[in-house]
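Look at the fold below with its sequence beside it. The text then walks through the sheet, a helix pair and one loop residue.

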Amino acid sequence: MNIFDNLEHHANAQELLAIIALFHQRGWSPATSTNYSFRNPQPFHHTYTISKSGIDKSRFTIKDLMLIDEFGKPLPSYQGIRPSAETLLHTVVYDNSPETRAILHTHSPVSTIFSMIYKDEKVVKITGFEVLKALKNITTHEQTFELPIFANSQDMPALSEEIDQYYAKNPDMSAFLLVGHGIYAWGNSMTEAKRYVEALDFLMDCMLKLRLYKN
Ligand SMILES: [Zn+2]
């Protein structure tokens, strides 16, 4: 059976295409960058649908999605086609959290700049904002959300290993920044992952602007 004929898979793919188009309109995926994935429905739960490498997100279609196994390798019908260069950063998240259904990664200007400014802190603590309540396990603006920051790398096995170790110690992690690169966020549904990306972008934008006003 072709999974693209599966109704649940089709709905997920359409939802993801709408998000990719929206994020591109916001300027969050310049120059073919960024990548996106979702966990395939049962009985294909240990395979994922992910964006192909190097596709312009302004004209991304369902044909630009492909299937990979739990190790990030293309499934047989996609042999010879390259998934996103950052595929291992997706599989490490799915590996650590079986409930995760979707992972979204943007190169928004705010997440890129924010990660550079706060790179020495390695984890940024965000508190005091009402929009925090959109994030995982946060019910009041008085709580603190910790957003980890990892050094950027082109060595995906090493970087995914570093994230794997951090995730093992911080099982509530739902997003991270890569320095000078962008943000990854994930959730138990596509809607939840989108909400996390949008909330964090808004919060980072607020924090950056506050810094400007204080200086
Ligand atoms: Zn990237």
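Five bridges join strand E2 (residues 47–51) to strand E3, and the two run antiparallel. Helices (H or I, at least four residues) and strands (E, at least two) are DSSP runs, numbered from the N terminus. Two strands pair if DSSP finds at least two bridges between them. One bridge links Ser51 with its partner Leu65 in E3. This is a predicted model, in which local features need pLDDT of at least 70, side-chain atom pairs count only at pLDDT 80 or more, and totals for chains, interfaces and linings use all residues. Residues are numbered from 1 along each chain as its sequence is written.

Stay with E3 (residues 65–69). Four of its five residues are buried, so E3 is largely enclosed by the rest of the structure. A residue is buried if 20 or more other C-beta atoms lie within 10 Å of its own, exposed if 12 or fewer, and partly exposed in between, with C-beta atoms placed from the backbone.

Now take the whole sheet. It is open, has eight strands and follows the order E3-E2-E1-E4-E8-E7-E6-E5, with mixed pairing. The edges are E3 and strand E5 (123–127), each pairing on one side only. From one strand to the next, the twist averages 20 degrees. Axes are lines fitted to C-alpha atoms, for helices over the stretch in contact, and angles run from 0 to 180 degrees between N-to-C directions.

Strand E4 (102–106) comes between E1 and E8 in that order. Five of the five residues of E4 are buried. Which residues cover its two faces? Ala102, Leu104 and Thr106 lie on one side, Ile103 and His105 on the other, and all are buried. In a regular strand the side chains alternate between the two faces of the sheet.

E4 has antiparallel partners. With E1 it forms four bridges, and Tyr36 stands opposite Leu104. With E8 it forms five bridges, and Ala102 has Gly187 as its bridge partner. At the E5 edge, E5 and E6 also pair in the antiparallel sense, over five bridges. There Lys125 stands opposite Glu146 in E6.

Helix H2 lies across E1 (35–39), E2, E3, E4 and E8 (182–187), running at about 145 degrees to E2. H2 (residues 87–96) also packs with helix H4 (residues 156–169), at an angle of about 25 degrees and with the axes 9 Å apart. That makes H2 roughly parallel to H4. Angles under 35 degrees count as roughly parallel, over 145 as roughly antiparallel, 65 to 115 as roughly perpendicular and the rest as oblique.

Which residues make this contact? H2 gives Leu88, Leu89, Val92 and Asn96, while H4 gives Met156, Pro157, Leu159, Ser160, Ile163, Asp164 and Tyr167. Two residues are in contact if their C-beta atoms, placed from the backbone, lie within 7 Å. The contact residues divide into eight nonpolar, two polar and one charged. Ala, Val, Leu, Ile, Met, Phe, Trp, Tyr, Cys and Pro count as nonpolar, Asp, Glu, Lys and Arg as charged, and the others, Gly among them, as polar.

End at Ser153, in the loop between strand E6 (144–150) and H4. Is Ser153 buried or partly exposed? With 14 C-beta neighbours inside 10 Å, Ser153 counts as partly exposed. Leaving aside neighbours within four places in sequence, Ser153 is in contact with Ala158 and Leu159. Ser97 is 56 residues from Ser153 along the chain, and their C-alpha atoms are separated by 23 Å.
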